[in-house]
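Trainee: I am new to this structure and would like a close look at one part of it, with the surroundings explained as you go. Please take your time over the answer.

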Amino acid sequence: MTRFRSYLTRASAFGPLLDRPRMRARRLFLWWVLGQVIGFVLLTAVEARWGSYGLSVFTKGAILILNVAGLGIVIGAAGQVSLASAGLFGVGAYTFGIVEPSTGPVLGAAIAIAAGFLVGVIVGLPAIRLSGLYLALATLAFVEAAYQVWWNATSLTGGSSGLIVSAGLPTNIEDRGRVLGQLGVLGVGTAIVLYRYVVGQTTTGLSWRVLRHRPAVGASSGMRVGRDRLLAFGVAGAYSGAAGVLFALQAGFLDPSVFDISKSVEHLVALIVGGTASVFGAVIGPAVLIYSLEAFKGLAEYREFWYGGLILLIVVSGRGSLAGLLGRLVSIVLRGDRRTQAIGADRTPESVDASIEPRATAIEPGRVLLEVQDVARHYGGVKAVDGVSLTILSGETVGIIGPNGAGKTSLLNILSGLDREAAGSCAIEGVRVDHLPAARRVQLGLSRTFQNVAAVEGLTTGEHLALGARGAAASMSYDGREEEWLSVVTDLFGLRPYLDVDTASLAYGLKKRADIGRALAAQPRLLLLDEPAAGLGSAEMDVLAEALVRVREVTGAGIVLIEHNMRFVRRMCDRLIVMVAGSVVVEGQPDVVLADERVIAAYLGSQRATTEDLAIGKGP
Amino acid sequence: MPGLYESLVTQSVVLGAQYALVAIGIVVLFRHTGIANFAQGEILALGGLAALEVQRAFAMSIGVQVALVVGVSLLGGAIGAVMYAVCHAPLRRAQDDLLVVVGTLAVALLLGNAFRFQYGSETHSVAPLLTDAVRFRGFAGPEIAVIALPVMLVVGWLALQRYTRAGRRLTAVAQNPVGATLCGIDVRVWFVVAWAVSSLVGALAGMLVGGLIGVRATVPLGYLIKGFIAAVFGGLTSVGGALVGGIALGAVDVFGGYYLPTAVRDIVGFALLISVLLMRPQGMFGRLTESRL
């Protein structure tokens, strides 16, 4: 049970996610110290072998690593396309160069890093609405605009005549190199530990990993997707800002032509070479590039050929990174090209055996949870949802059925806040939510699942549960029984053996259960399920139905489910709503509704069919 | 003697037509494949440099000029097909925005550097197809060529889309590749077509613009970005929008350049880009596509 304490300790943006935060902090500190020691040894070795020239290359490497690690946070962790690093690099360098004479180096560096963070957040603003190519263009435009500022704001930057940065470094070339190298080790070591901590162990990091693949799942789990995107850009800005400080110190002179877009391209190349799977890609990539350029002196002139060729090799291979390409080759050589089977595929579903008492916080039955009036949503000329009204009470299960394209999922998207209704009103327990985003609705007690498998690649089942629990935690007051609740959900849906398994490798039925577990982890008062039984075998389906009935008994929550499988619907639902072409045509008791002529006509297009036909109409 | 205002308008149209030429190539590709080619600038350089080489080798005559246009078109089409094979085909299933962007950037690096090795960084002059002897209103021959091409491209492209089977298939592939495949259309063929047409437009544009302002081994990134801004104005999917966007941006640059300091002038363009992206990412003429959850 202690496994879950972890997920619930604090809900601040950078609060720790995993077990025993203090021990984590100590372990992180030990890693940091170890990194500093390794860095120092490396630095000494480099100096012994290559002298002060080696030290200057070492520092260049550290600058590149800081930039690439920042880019890795935006691109690798948060999945946003960004070309902004050269501009942010310039922000750090020029801010330091400008403020350092009056503030001194330490405060100056802090201000420069903060400026990088701030400008990063501003550059990230378009990411709230844009993605992919559009975002690439917006960030590219930022680099160009910043570049113009470096050239033309001559009173601050000195323009083409440059800006001298002295910062009181030793004038002796060896001492200077040693100090810069030490600063490089300090910066890179801190950056790596911070990266691993934020990405791996904070709610924000979890949110990044979710929004990389399925932003809608993040929003529907209560994650503040927009804010978290901005934070990713901000942290990347701080990293590039630190790189800029180190660069300003090493160069001693800032020339605007350094900060043009080809710098961003270089950072990208290094990131792609190293791979985005972990922070170590951000170390490996720069190391490979810098070492290759130094080892083959003649290469410098052909640097762009080398970069371009390297990327094309990676692109054509389709493996995503040089590390991935090599790893793939090694695994083919060692083990032959085998594909692994999905985990849990061979298991027959176990029955529900969790013995659980109704919760003290259970909702009394018959309370109005959701009240929807006349909501409508049109896409161009298509009336996806056309004036639907419904009321959902606590403790009841309501099925929404209807032919494909009837607007069922569109309705669910409106209810959960992923899509805005064009007309009508929607209230959760009397609170109007028409203008509230999905994340806020989760905190009011509404959770949903998705029709397509919504298990997020790269997250374990345990992290899915954490995602659900943490997203809702922002405003709900916990009663201290959350661990117990997560434990109950885990057992109800048979997820315990898979808590530490990446959901991407789970069998289909387990992925669906992990998604339902995520939604339930938020302790919803109202649960919306989009085709929970689709694709399940009949035994799996029975277990799922049993588990959901238990959930309802224990929590008193209301459940709304969209489903095509009539056996499942009959077993689960107290009430059915039939949608055709965006409107509700029939509503009532399952047996009555399923016998209705209009429903049969909608499903089978004929008046001759009987209810029995409907029952075997779809699914097993 | 034309007044200041007329002269600024003339300059706007000429500059805007150049931006539009870059933008049309970008739009043709993006509309049909969802990919932006960051090597479009290098493809322009390729067209201009090809013209330069031909002019060095042969004395210009009508025959050579016709051959030049055909040759540059073929060259552009071929480089497009190669880029499809290298940048697009391997990633067709991966759906990785970043890698595709990076792949075209890599081609830009390779081509740009190869050109720089061969031609240095100076500007080479190229004889224009239409010489200064031809004049119309305030426009000289080379300017007329640069203005006429995007207009012809837009009209021709729209006609092709509306009235031919090939055009409708291209649209089908653009809107729904899976659906198009199920209808028996080989999507890959049409992707190659889109790449080829886009690069062909780029190469021709490079040749004509070269006749106006000379040819350089590398097209400055700022120029490519202006093309993107113009394309975004049309939502990256409307060829007509790209033309209008290009001319509008030309006007911003020329009038801004006259009335504003240089630094501010460039920032106006970027501010425009960001505002259009934020407020109407589908552009002034484009339509936003809905994604299914």
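Does A:Glu429 count as buried, exposed or partly exposed, and how many C-beta neighbours does A:Glu429 have inside 10 Å?

Mentor: Please keep in mind throughout that this is a predicted model. A:Glu429 counts as partly exposed, because 17 C-beta neighbours lie inside 10 Å, and a residue needs 20 or more such atoms to be called buried, or 12 or fewer to be called exposed. The residue sits in the loop between β6 (423-428) and β7 (431-432) of chain A. Its backbone deserves a look as well, since A:Glu429 is not a glycine and yet has a positive phi of about 45 degrees. Most residues other than glycine have a negative phi.

A second residue of this kind is A:Ala581, where phi is near 50 degrees, again a positive value in a residue other than glycine. A:Ala581 lies in the loop between β11 and β12 of chain A, and with 16 other C-beta atoms within 10 Å A:Ala581 is partly exposed.

That loop leads us to a sheet. β11 and β12 belong to an open sheet of six strands in chain A, with the order β8-β9-β10-β5-β11-β12 and mixed pairing. The edges are formed by β8 (446-448) and β12 (583-588) of chain A, each of which has a single partner strand, so one side of each is left without a neighbour in the sheet. From one strand to the next, the twist averages 20 degrees. At the β8 edge, β8(A) pairs in the parallel sense with strand β9 (residues 526-530) of chain A, over three bridges, and within this pairing A:Ser447 has A:Leu527 of β9(A) as its bridge partner. At the other edge, helix α22 (residues 597-604) of chain A lies across β11 (575-580) and β12 of chain A, and the helix runs at about 130 degrees to β12(A).

For a contrast with the two loop residues, turn to A:Leu548, which has its place in helix α19 (residues 538-555) of chain A. A:Leu548 counts as buried because 25 C-beta neighbours lie inside 10 Å. Once its neighbours within four places in sequence are left aside, A:Leu548 is in contact with A:Ile559 and A:Met572. A:Leu548 and A:Leu492 are 56 residues apart in sequence, while 8.6 Å separate them in space, C-alpha to C-alpha.

Now step back to the whole of chain A, which is divided into domain 1 (22-267 + 280-302) and domain 2 (368-459 + 524-615). The centres of these two domains, taken over C-alpha atoms, are separated by 48 Å. The domains nevertheless meet, with twelve residues of domain 1 of chain A in contact with 14 residues of domain 2 of chain A. On the side of domain 1 that touches domain 2, α7 (203-213) and α8 (215-220) of chain A each supply at least two residues, and α8(A) has the largest share, with four residues. Sorted by class, this side of domain 1 has five nonpolar, four polar and three charged residues. As for α7(A), ten of its eleven residues are buried, so this helix is largely enclosed by the rest of the structure; among the buried ones are A:Leu206, A:Trp208, A:Arg209 and A:Arg212.

The nonpolar interior links these parts further. The largest nonpolar core has 282 residues, and those with the most contacts inside it are A:Leu66, A:Ala69, A:Leu137 and B:Ile24. Helix α8 (residues 187-213) of chain B provides the largest share of this core, 16 residues. Domain 1 and domain 2 of chain A both give residues to this core, so it lies between them. Leaving aside neighbours within four places in sequence, A:Leu66 is in contact with residues including A:Gly187, A:Val188, A:Tyr239 and A:Leu246.

Finally, chain B has its own contact with chain A, which takes 35 residues from chain B and 38 residues from chain A. On the chain B side, α3 (62-88), α4 (97-119), α9 (221-233) and α11 (262-279) are the elements that give two or more residues, and α4(B) gives the most, with twelve residues. The residues of this side divide into 28 nonpolar, four polar and three charged.

How values were computed
Residues are numbered from 1 along each chain as its sequence is written. Chains are lettered from A and ligands numbered from 1 in the order in which they are written. This is a predicted model: local features need pLDDT of at least 70, side-chain atom pairs count only at pLDDT 80 or more; totals for chains, interfaces and linings use all residues. A nonpolar core is a set of buried Ala, Val, Leu, Ile, Met, Phe, Trp, Tyr and Cys residues joined through C-beta atoms within 7 Å. Domain bounds come from an automatic or database domain assignment. Two residues are in contact if their C-beta atoms, placed from the backbone, lie within 7 Å. Ala, Val, Leu, Ile, Met, Phe, Trp, Tyr, Cys and Pro count as nonpolar, Asp, Glu, Lys and Arg as charged, and the others, Gly among them, as polar. Two strands pair if DSSP finds at least two bridges between them. Axes are lines fitted to C-alpha atoms, for helices over the stretch in contact, and angles run from 0 to 180 degrees between N-to-C directions.
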